[in-house]
Amino acid sequence: MRISTPRLAVAAVSVLAAATAFAAPASAGAFGNDISVQPYGHISKDGNVTLFGTYRCTAPSLSGAVQISATLVQDGTRLGFGGGEAICDGEQRKWSATGSLRMTPDVHPGGAGAEVRLQSVRPSGGLIPHVSYVAEDRRDIELVERH
């Protein structure tokens with residue numbers, strides 16, 4: 001079977017585009033929006049875990065409320081929690097998010113994964129709001145016991 005030159009060129013460009021998409025950095029955002037998570041988190045004696053990082057967002061490119069969501073992953077356990085509402089003025093800002101370990105007692109000091117997102121939340125006309133991710137970061141972190 002013979003493949004025409006134009007089809008071969010399209011196939012080559014498609015392969016390069018796919019390779020580029022999968023080689024993109026873990027931290028991704030659009031229109032001046034970004035978020036990052038620090039390479040460490042804290043576990044407190046009172047049974048909470050806290051993640052930290054920075055974010056930047058711009059109001060003109062977003063509609064609805066913009067919130068920070070965080071997820072901690074360790075040994076098959078996933079713990080999701082919020083970091084509150086973001087201030088979208090184009091300035092780089094610090095964020096922190098604290099989640100309770102009451103329902104996930106197996107989380108412990110040591111290696112873990114962290115996923116954080118800036119998400120735009122707006123009414124959809126129904127009961128469930130429309131949520132879109134405008135920036136995210138994923139990385140391996142170290143959980144450190146905090147006294």
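# Strand pairing, burial and cross-links in a predicted model

Me: What is the bridge partner of Thr54 in S6?

Reply: Lys94 in S6 is the bridge partner of Thr54. The model is predicted. Thr54 also has a partner in another strand, as Ser36 is bridged to Thr54 in S3.

Me: What makes S3 and strand S6 a pair, and in which sense do they run?

Reply: Two strands pair when at least two bridges are found between them. S3 and S6 (residues 93–100) have eight bridges and run in the antiparallel sense, so the criterion of at least two is met.

Me: How do you know that strand S2 and strand S3 pair?

Reply: The same reasoning applies, since the cut-off is at least two bridges. Strand S2 (residues 34–44) and strand S3 (residues 48–56) are joined by seven bridges in the antiparallel sense. Three residues separate S2 from S3 in a hairpin, and the turn includes Gly47, with a positive phi of about 90°.

Me: Where do these strands stand in the overall plan, and how do the elements of the chain run from the N terminus on?

Reply: One helix and eight strands make up the chain. From the N terminus on, the order is α-β-β-β-β-β-β-β-β. Among contacts between residues at least 6 apart in sequence, 67% join residues at least 24 apart. Of the 147 residues, 32% count as buried. The exposed surface of the chain is about 9,200 Å², with carbon and sulfur atoms supplying 57% of it.

Me: Why does Tyr55 count as buried or exposed?

Reply: Tyr55 has a relative accessibility of 4%. Buried means under 20%, so Tyr55 counts as buried. Tyr55 is placed in strand S3.

Me: With which residues is Tyr55 in contact, leaving aside its neighbours within four places in sequence?

Reply: Its contacts include Asp34, Ile35, Ile68, Ala86, Ile87, Trp95 and Leu118. The C-alpha atoms of Tyr55 and Asp34 are separated by 5.5 Å, although the two residues are 21 apart along the chain. The side chain of Tyr55 also reaches the backbone nitrogen of Ile87, at 2.9 Å.

Me: How do you know that Cys57 and Cys88 form a disulfide?

Reply: The sulfur atoms of Cys57 and Cys88 are 2.1 Å apart, and the criterion is a pair of cysteine sulfur atoms within 2.5 Å. The structure holds one disulfide. Cys57 lies in the loop between S3 and strand S4 (65–74), and Cys88 in the loop between strand S5 (77–85) and S6, so the bond ties together parts that are 31 residues apart in sequence.

Me: Why is the disulfide of Cys57 and Cys88 called left-handed?

Reply: The torsion about the S-S bond is about -90°, and the disulfide is therefore left-handed.

Me: What makes Cys88 count as buried?

Reply: Cys88 has a relative accessibility of 19%, and the limit is under 20%, so Cys88 counts as buried. Cys57, with a relative accessible area of 0%, is buried as well.

Me: Why is the pair of Tyr40 and Phe52 called tilted?

Reply: The structure holds one aromatic pair. The ring centres of Tyr40 and Phe52 are 5.8 Å apart and the planes stand at 40°. Centres must lie within 6.5 Å for rings to pair, and planes under 30 degrees would count as stacked and over 60 as edge-to-face; the pair is therefore tilted. Tyr40 lies in strand S2 and Phe52 in strand S3, so the pair ties together parts that are twelve residues apart in sequence.

Me: Why does Tyr40 count as partly exposed?

Reply: Tyr40 has 34% relative accessibility. Partly exposed lies between buried, under 20%, and exposed, over 50%, so Tyr40 counts as partly exposed. Phe52, at 22%, counts as partly exposed too.

Me: What makes the phi of Asp75 worth noting?

Reply: Asp75 has a positive phi of about 50° although it is not a glycine. Most residues other than glycine have a negative phi. Asp75 is placed in the loop between S4 and S5. Its relative accessible area is 66%, and exposed means over 50%, so Asp75 is exposed.

Me: How do you know that Gln119 counts as buried?

Reply: Gln119 has 12% relative accessibility, against a limit of under 20%, so Gln119 counts as buried. Gln119 is found in strand S7 (residues 110–122). Leaving out residues up to four places away in sequence, Gln119 touches residues including Ala65, Val66, Ser69, Val131 and Tyr133.

Terms used
Residues numbered from 1 in each chain as written. Predicted model: local features only at pLDDT ≥ 70, side-chain atom pairs only at ≥ 80, totals over all residues. Heavy atoms only, no water. Helix = DSSP H or I, 4+ residues; strand = E, 2+ residues; numbered from the N terminus. Buried < 20%, exposed > 50% of the residue type's maximum accessible area, 1.4 Å probe, protein only. Contact = heavy atoms within 4.5 Å. Polar contact = N/O pair within 3.5 Å; in protein donor to acceptor, adjacent residues only side chain to side chain. Areas by Shrake-Rupley, 256 points an atom, 1.4 Å probe, with all protein chains shown as cover. Phe/Tyr/Trp six-rings, centres within 6.5 Å; stacked < 30°, edge-to-face > 60°.
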